[in-house]
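Colleague: Could you walk me through this one? I am new to reading structures, so please take me step by step.

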Amino acid sequence: MDRSGIFAGDDPFAIARAWLAEAEPVEPNDPNAIALATVDAEGMPNVRMVLLKEIEADAFVFYTNYGSKKGQEIAASGKAAFVLHWKSLRRQIRVRGVTEREEGPQADEYYASRSLKSRLGAWASRQSEPLSSRAALLAEVAKVTAQQGPIPRRPPFWGGIRIRPVEIEFWADGQFRLHDRFRWTRGGNDKPWTVERLNP
Ligand SMILES: Cc1cc2nc3c(=O)[nH]c(=O)nc-3n(C[C@H](O)[C@H](O)[C@H](O)COP(=O)(O)O)c2cc1C
């Protein structure tokens, strides 16, 4: 197959890492922002931005509140999809996969790396639940600040979600809308990847 240049290589995670590294110096904000899609119990889709924090050997990881809407939808379906789009590079990466929680030492380490205010904010926010006022949230922050002290532990309801892809598509803008698309698919995590070029 004529897969060369920015699409070359046998490891889709290495390609994703290379594209993100290219986007980092040119994208004005959050080059690691992904639009994360989930579905609710009725199959109604939902989408929101989150930050992609790790591209592992075989998976993608972001962090969130497990009690949030997305957290509940992922817990129920065990699946998620996301897209990364870089306007500066005119490229996108699409991922569909199965999910698992990352709530071990890796999540503790990432939590500990965040600013103290962010760590306390994670404790204070019942993410996605109605909030009576901003003042109520700030009061909650003050309360958890007093309770947790200067080194808060990671909240048990907050941590990573790992997406193990069954499908990854790399897309790059081409002249006259003749874009390049390569879709990597596999039947399961232990199965080999198949790569196909797709019509734009
Ligand atoms: C650029 C950007 C990055 C964001 N990153 C995260 C994130 O990493 N984790 C997170 O829980 N929410 C993040 N958010 C907020 C989410 O978009 C969303 O509002 C929140 O997680 C609640 O979503 P839910 O009600 O569907 O669970 C981010 C928003 C933006 C615009």
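Colleague: Which elements are included in what covers the buried residues of H4?

Modeller: Keep in mind that this is a predicted model. The buried residues of helix H4 are Arg 119, Leu 120, Ala 122 and Ala 124. What covers them includes H3, helix H5 (134-148) and S6.

Colleague: Which strand gives the most to the largest nonpolar core?

Modeller: That core has 20 residues, and those with the most contacts inside it are Ile 34, Phe 62, Phe 82, Ile 93, Val 95 and Ile 163. Helix H1 (12-23) and the strands S1 (33-39), S3 (60-65), S4 (79-86), S5 (91-102) and S6 (158-172) each supply at least two of its residues. With 5 residues, the one that gives the most is S6.

Colleague: Where do the residues that UniProt lists for "binding site" lie, all at one spot or not?

Modeller: The UniProt entry, which is unreviewed, lists Lys 53, Tyr 110, Arg 114, Ser 118, Arg 177, Leu 178 and His 179. They span 127 residues in sequence, and the farthest two C-alpha atoms are 43.4 Å apart, so the answer is that they do not all gather at one spot.

Colleague: Let's pick one of them. Is Lys 53 buried or exposed, or something in between?

Modeller: You can find Lys 53 in strand S2 (residues 45-55). Leaving aside its neighbours within four places in sequence, Lys 53 is in contact with Val 61, Phe 62, Tyr 63 and Tyr 110. A residue needs 20 or more C-beta neighbours within 10 Å to be buried, and 12 or fewer to be exposed. Lys 53 has 15 inside 10 Å, so Lys 53 counts as partly exposed.

Colleague: And where is Arg 114, and how does it count?

Modeller: Arg 114 sits in the loop between helix H3 (105-113) and helix H4 (116-124). Because Arg 114 has 14 C-beta neighbours inside 10 Å, Arg 114 counts as partly exposed.

Colleague: Which element gives the most to the shell around the ligand?

Modeller: Happy to trace that one with you! The ligand is surrounded by 16 residues, and the closest are Thr 64, Ser 68, Lys 69, Lys 70 and Ser 128. S2, S3 and helix H2 (69-77) each supply at least two residues of the shell. The element that gives the most, with 5 residues, is S2.

Colleague: How many residues of each class does that shell have?

Modeller: Sort the residues around the ligand into nonpolar, polar and charged. The counts for the shell come out as 6 nonpolar, 6 polar and 4 charged.

Technical notes
Residues numbered from 1 in each chain as written. Predicted model: local features only at pLDDT ≥ 70, side-chain atom pairs only at ≥ 80, totals over all residues. Core = buried A, V, L, I, M, F, W, Y, C linked by C-beta atoms within 7 Å. Helix = DSSP H or I, 4+ residues; strand = E, 2+ residues; numbered from the N terminus. UniProt positions renumbered as here; feature names shortened; annotations may be inferred. Contact = placed C-beta atoms within 7 Å. Near = placed C-beta within 6 Å. Nonpolar A, V, L, I, M, F, W, Y, C, P; charged D, E, K, R; others polar.
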